[in-house]
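Thanks, everyone, for making the time this morning. I would like to walk through one model with you, going from its surface to its interior, so please keep the picture in view while I talk.

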Amino acid sequence: MNSKIKSMIMALSEVFEGEPWYGESVMRKLENVPYVIGYKTCIPESHSVSQIVGHLIAWKTFAAEKIKNNKEYSIDMDTEQDWPEIIIKSREEWEALKRELVAAQSSIYEALNKQDNDEFLSEKVPGKEYDFEYLLRGVLQHDIYHLGQIGLIESQLKNKEVDSGVFKA
């Protein structure tokens with residue numbers, strides 16, 4: 001039985017789509033962010049919600065690929081792959097981006113469910129100096145960190161006239 005892996009999947013799910021102790025999950029928060037806010041920032045040179053979602057997708061994909069033992073998969077920090085430039089111009093584009101995020105999260109679950117035993121969590125991530133448990137805890141922490149940013153951006157922009165010209169589009 002893979003009790004540690006199942007526990008990790010439950011923790012990932014709670015933060016991503018469940019009811020975490022601290023408040024809204026990632027998906028609950030994103031469901032409340034209107035698409036017209038998704039591509040705007042509070043201050044110039046900061047990331048938009050859509051860029052943060054793209055960033056989350058990138059690192060969830062990284063985690064899934066590493067769990068699948070893809071030794072070659074890598075992301076260079078502060079590159080287009082790490083922080084993609086995503087501009088949302090319609091509700092449909094916003095929904096598609098959120099579906100891509102869900103698919104990236106699901107790929108982690110699928111890869112974890114294929115593991116034979118909990119010892120997997122103690123194995124080193126291919127090409128890294130840390131193990132899979134550390135990586136997966138990092139995914140949890142990463143989601144929570146960026147969830148706070150999304151909440152801050154949303155609270156600042158929802159209270160303003162979105163197309164006032166004050167915010168970078």
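Before the first residue, one cut-off: a residue is called buried under 20% relative accessible area, exposed over 50%, and partly exposed in between. Please keep in mind that this is a predicted model. By that cut-off Y22 is partly exposed, because its relative accessible area is 36%. Y22 is found in the loop that runs between helix 1 and helix 2, and together with W21 and I144 it forms a nonpolar patch on the surface, the three having about 400 Å² of accessible area together.

Now to the interior. The largest nonpolar core has 45 residues, and those with the most contacts inside it are L12, L30, L101, I108 and L112. Helix 1, helix 2, helix 4, helix 5 and helix 6 each supply at least two residues of this core, with helix 4 giving the most, namely 11 residues. To take one of those well-connected residues, L112 touches I5, I9, L12, I67, F120 and L136, if we leave aside residues up to four places away in sequence.

That brings me to a lysine. Is K60 buried or exposed? K60 counts as buried, because its relative accessibility is 1%. K60 sits in helix 4, which spans residues 49-67, and, again leaving aside residues up to four places away in sequence, it touches F16, L101, A104, Q105, I108, V139 and D143. With D143 there is also a polar contact, side chain to side chain, at 2.8 Å.

Key. Residues are numbered from 1 along each chain as its sequence is written. This is a predicted model: local features need pLDDT of at least 70, side-chain atom pairs count only at pLDDT 80 or more; totals for chains, interfaces and linings use all residues. Side-chain values use heavy atoms; hydrogens and water are left out. Helices (H or I, at least four residues) and strands (E, at least two) are DSSP runs, numbered from the N terminus. Buried means under 20% relative accessible area, exposed over 50%, partly exposed in between (1.4 Å probe, protein chains only). A polar contact is a pair of N or O atoms within 3.5 Å; within protein, one must be able to donate a hydrogen and the other to accept it, and residues adjacent in sequence count only if both atoms are side-chain atoms. Contact means heavy atoms within 4.5 Å. A nonpolar core is a set of buried Ala, Val, Leu, Ile, Met, Phe, Trp, Tyr and Cys residues joined through side-chain atoms within 4.5 Å. Patches are made of residues with over 30% relative accessible area and no salt bridge: like charges are joined within 9 Å, nonpolar side chains (Val, Leu, Ile, Met, Phe, Trp, Tyr) within 5 Å. Accessible areas come from the Shrake-Rupley method with a 1.4 Å probe; for residues, only the protein chains shown count as cover. A salt bridge is a side-chain nitrogen of Lys or Arg within 4 Å of a carboxyl oxygen of Asp or Glu.
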